[in-house]
Each structure stands twice: as structure tokens, then as C-alpha cells.
Amino acid sequence: MTADQARVLIAERFSGAQVDGAAPVVVSVARDAWLDLARFAKETLGCRFFSFLSAVDWKDEGLEVVCKVDNLDAGLSLLLKTRLGPGVSACPSLVPVYAGANWMERECYDMFGIAFEGHPDLRRILLGDDWVGHPLLKSYAVDTPYPPYR
Amino acid sequence: MTIAAPRHVELDYTGSERLTMNMGPQHPSAHGVFRAILQLEGETVVGVDAVIGYLHRCHEKLAETLTYAQYPSIASKTDYVAAMTSEFAYVRAAEMIGKIEVPKRAQYLRVIAAELQRVASHLLWLGTWCLDMGGALGGGATIFLYCIREREMILDLFESLVGARLLYGFYQVGGVRYDLPAGWVDTCRQTVDVIDTRIDEYQRMLEDNPFFQVRTQGVGVISRELAQEVGIAGPLLRGSGVAFDIRRGEPYSSYEDFEFRVPVETSGDCFGRYKVRMAEFRESLTIVRQALDRLPDGPISSRPGLKSVAQTRIPKGEAYARVEGARGEVGCYLIADGSAKPYRMKWRGASFSNLAILPHIIPGHKVADVVAIMGSVDPVFGEVDR
């Protein structure tokens, strides 16, 4: 499975997908196709290695979820992206496809407040349960006080 | 087949109740602050909830407030046992976006530092892991002190190179910060030779020891499939039969110039991970020797010396750079907006992903095995919590 073959297969299967790049191949899809894309990457493209999942806050344009998976045997890397849209912070969970998404999505929820639908155990992972807010949002100032500390 | 749910084991347990036992966050075997809430039936663990985050400093937010010149020395505070690696990943991501060339000499110096760091990190792992498993292993603290003694030699080398023993700030965008001081190459060669002979000694101490074999063989088995799906990397992945090493798969910083093996074990247990790391010691030493032999002359950075912290500007773009650290894939996903600071930075800490395997493999083992399994994963909590 080369990057070119992967690009063709993705374009055939996901008509709305934007595909570019070679290492990694960057694939952007709508939120509805997110889980299908992950399943397709794992089962058809052989990307069984789960590298990481995170998000980017594009301010007025809303949040974008980013996930990287690899086919280690073929040397194929995919960077999967989906824009959630302004004001939306819900996204389908990838845990049914990749076990490694469990902790990564918990971290992403902790930092960005994204509710991953279908996650078996969505709670904060790095910050305390009583933390207020989600620090990696651009609207969260670095010097936000956290009583009794600051 | 999906293996999404952490394992839960049902035993024919006739005892009166299931016991919840708290392990940590200050437990001597945790190598840092880690809390495991174990569900026990008798001596057997049937469920585990891992609690992390005690060392969280939000490096990702911090990186958005610091410039490309400032952050590399902070990056070393993520994985403080292998500080060189995290600096490496960060500067490489910035160089990929900015298409910044790195001079050949700097590339070799980066390789030497990274490989010595891997040896130092594996030494600390071996010592502490064997200490955790207790008195049966060559008198308990013996191997720990041996390993610390050898690690000290590498820290001395780093100290004469950088001036610091633990957190370096050696890598910078475009090259490295310091050239080798006089006599360093000879000292380095001697150190490498000494450590090479000592590794034989450790192996003789451990592998003939029936207690060591019983405590590691068949304990904490990770299947090839589960390993990939959870995303564990480095010696853990190779100990589960996946022959993947970033230095070989997508060579960076002139790794294609060096000859080395990628050790793989198929057993997937603690002993397999031990064997992989022991073989990696030797491969790292081989790479250091080759790099010292062929060290080219020339500049150590492609950029002018720093006069202000905001001097390095990276054009708009994004990149994911990964390097093969002592614990596996250390990745940095960087988004630059053209200013002197990144718009967004994501750390893929190898220890975070590696630790996520614990809820899948611990259930079904005895409490004593939890310690052996955790040590074989080699987590560094600065990198788990970032």
C-alpha cells in the first residue's frame, strides 16, 4: 500500500474528502464520516498503529480534531482531520476502532472540552476532577487563576 | 476484531469480597507519581484504573507562550530521563516547517547525544526495574548501583559537553548549541568501551538467575495486534514482534549513514522487552562509535548565533516530527503561524501511550507482577503527564 494507492482508495470511498500530501497523507472529512474514515484506514488501508489524537482550536472557525495512524509494514502514515464547526464541541469517538483512542480522547476532552460520543469512560485524565474550564482553548488565558492557587 | 474494552477477568473466587487496593501515588515502584486503583480477588488483580496527571504542567499551552528559541530547553523537562530526545523532536518539527537545513556535523552530534541518552536511559530503567523486583536479583540493590555507576559516566560526558547533567538545551533550531570540547571524543570512546563490557556482566547476573526468569517470562504478555492498536512504541512494540524503528523506517538526522540492527522479540512478555533493550544498548554503542569515527568537520548550526529570543521565525505551516526515543515514538505536532511562537503544539509522549497498555495487560496477574509489568513498561511520568 503506497501513499498514491491510499489517496486513490480514499477519494473513491469518501467523495467529500480532501486528500493531499505524501508523508503523511493528510485526509480531511466531515464530522459524519469521521468514524467511517478511521475504520476504513484500519481495515482497508492497514493502518493498525494508533499514534495520537488531539485537537486544534481555530478560534472563530471552531475546533478541529486531528488523529494520526500508521501502516507500519508498508510505511504509510495518515493524518486524519475533521472540522467540528463553530461552537460545536462534540465528535464521534474512535474507541470502537482503536483502543489507543481511549486515553487520547480523555486528554482531548480534558484540554478542549470535546465530548466524544460513544466513549466508554469520558472523564478528565490529567487535570483534577474539580478543574474549571479547558486550558488549551484559545479563550482560556494562560494566567487564569485557580483558587486557592494562581 | 476490536479489543477496545480493558480486560476484566472473572475468577471462581470463593472469598467473601472483592478488595479495592490503592497503589500510589507515592509508591516506590511507580518511578514517579502514579496511582493505580486495583480491584483484587485474593492476590489476583481483576481490574485496574490508572490515575495520572500529578506532574501535569500543560507543556502544550506553555509552548504557545514561548518562542522557538526558548522552548527546546523546556522540552527537556517532559521526559527528564531522556531529555535530549524531546528537544530533538521539537526542533525537528520546526525545521520541517521552515525547511531549515542542518549541517552534517550537527546531525552527527545530534545522533551521538541521542544514542548516549538512550544508553543512559536504559541503564536507569534496568537498575530501577531490577531494584523493584527485589532481593532475589543479585542482592537487590547491586545491579541498581552498577547501572547508576555507568550512567554517571554518560552524565559526566554530557556535563562536559553542555554544562548540565540532566536537562540540557543542547539542540536548537538549525543545529546544536555546543561543539565538542577538547578531548571529549577520546573520553567518549573509553566510556563506550567500558559500558560495552559491563552489559555482558549484567546479562550474566540476570539471565542465569531462575528468580529473574520466573518473574519476567510469560508475565505481562502484549499481543502484536493489541500493541499496535493501543499505540505503544519503542522497545515495547519490538518486544511484541513488530519490527518498527523510526530510525530505520523513516531515517532522520543521517541515521541512514550508520549500520545497526533493529532487535525484535516475539514473546511480548517482560522478558522479551528486557531482551530488546539489552540488544539496543549494544546497537546504540555501535552507532556512537561509527559517528565518532566519521564525524565530519564544519559548522554546528545553519543559523546565526542567537541575539534575541524572538529571532527564530517559522513560516506558516504544520508538521509532525517523530524521533525514536528510549521509550519509543516521541512526536511533536507543530502548527506555525509565521510568528516567533507556535500556534499549537501537541506532544505525543511515548510514555503516555505506553502506559495506556496497563489496563489491558495487568488483570489476571498477581499484585507482585504489577510491579514487574510496570517497570518493564519504563514510564517516565514527566512525559506521561507533560
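User: Is C67(A) buried or exposed?
Analyst: In this predicted model, the relative accessible area of C67(A) comes to 0%. A residue counts as buried under 20%. C67(A) is therefore classed as buried.

User: How many disulfides does a search of the whole structure find?
Analyst: A disulfide requires two cysteine sulfur atoms within 2.5 Å of each other. Over all chains, the search returns a number of disulfides equal to 0.

User: Which cysteine has the sulfur nearest to that of C67(A), and how far away is it?
Analyst: C67(A) takes part in no disulfide. Its nearest cysteine sulfur belongs to C91(A), at a distance of 9.7 Å.

User: Why is C130(B) without a bond to the closest cysteine sulfur?
Analyst: C130(B) is itself buried, at 0% relative accessibility. The closest cysteine sulfur is in C147(B). A disulfide needs the two sulfur atoms within 2.5 Å. The bond is absent because the separation is too far, at 6.9 Å.

User: How many residues does the largest nonpolar core have?
Analyst: The residues with the most contacts inside this core include L53(A), L78(A) and I114(A) from chain A, and I52(B) and F170(B) from chain B. In total, the number of residues in the largest nonpolar core is 177.

User: Which helix gives the largest share of this core?
Analyst: The largest share amounts to 16 residues. These come from an element of chain B spanning residues 104-133, namely helix 4.

User: Which residues does L126(B) touch, not counting residues up to four places away in sequence?
Analyst: L126(B) is one of the residues with the most contacts inside the largest nonpolar core. Beyond its sequence neighbours up to four places away, L126(B) touches I143(B), C147(B), Y202(B), L206(B), Y274(B) and M278(B).

User: What is the volume of the largest pocket?
Analyst: The lining of this pocket consists of 22 residues, and those nearest its centre are L127(A), W131(A), H56(B), R57(B) and C58(B). The volume of the pocket is about 510 Å³.

User: How many residues of each class are in the lining of the largest pocket?
Analyst: The lining residues are sorted as nonpolar, polar or charged. The result is 12 nonpolar, 4 polar and 6 charged residues.

User: How much space lies in the largest cavity?
Analyst: Rolling a probe the size of a water molecule over the atoms reveals where space remains empty. A search of the whole structure finds 3 cavities of 30 Å³ or more. The space in the largest cavity is about 40 Å³.

User: Which elements give two or more residues to the lining of the largest cavity?
Analyst: Residues of both chains line this cavity, among them E107(A), M111(A), E60(B) and D385(B). The elements that contribute two or more lining residues are helix 3 of chain A and helix 1 (59-65) of chain B.

User: How many charged residues are in the lining of the largest cavity?
Analyst: The lining has 4 nonpolar and 2 polar residues. The number of charged residues is 4.

User: Where is V95(A) found, and how far is it from H119(A) in space?
Analyst: V95(A) is found in the loop between strand 6 (90-92) and helix 3 (101-112) of chain A. V95(A) is buried, with a relative accessible area of 3%. Although V95(A) and H119(A) are 24 residues apart in sequence, their C-alpha atoms are separated by 6.3 Å.

User: What is the phi of S253(B), which is not a glycine?
Analyst: Most residues other than glycine have a negative phi. S253(B) is located in the loop between helix 10 (246-249) and helix 11 (270-293) of chain B. S253(B) is buried, at a relative accessible area of 13%. Its phi is positive, at about 45°.

User: What is the phi of S254(B), which is not a glycine?
Analyst: S254(B) also lies in the loop between helix 10 and helix 11 of chain B. With 2% relative accessibility, S254(B) counts as buried. Its phi is positive, at about 65°.

User: How far apart in space are A6(A) and A41(A)?
Analyst: A6(A) is part of helix 1 (residues 3-13) of chain A, and is buried at a relative accessible area of 0%. Not counting residues up to four places away in sequence, A6(A) touches M1(A), L45(A) and L76(A). Across 35 residues of sequence, the C-alpha to C-alpha distance between A6(A) and A41(A) is 8.9 Å.

How values were computed:
Residues are numbered from 1 along each chain as its sequence is written. Chains are lettered from A and ligands numbered from 1 in the order in which they are written. This is a predicted model: local features need pLDDT of at least 70, side-chain atom pairs count only at pLDDT 80 or more; totals for chains, interfaces and linings use all residues. Side-chain values use heavy atoms; hydrogens and water are left out. Buried means under 20% relative accessible area, exposed over 50%, partly exposed in between (1.4 Å probe, protein chains only). A nonpolar core is a set of buried Ala, Val, Leu, Ile, Met, Phe, Trp, Tyr and Cys residues joined through side-chain atoms within 4.5 Å. Helices (H or I, at least four residues) and strands (E, at least two) are DSSP runs, numbered from the N terminus. Contact means heavy atoms within 4.5 Å. On a 1 Å grid over the protein atoms alone, a cavity is a set of points where a 1.4 Å probe fits but cannot get out, and a pocket is an open set with protein on both sides within 12 Å along at least five of seven lines; lining residues have an atom within 4 Å of a point. Grid points are joined across faces, edges and corners, and a volume is the space filled by probe spheres set on the points. Ala, Val, Leu, Ile, Met, Phe, Trp, Tyr, Cys and Pro count as nonpolar, Asp, Glu, Lys and Arg as charged, and the others, Gly among them, as polar.
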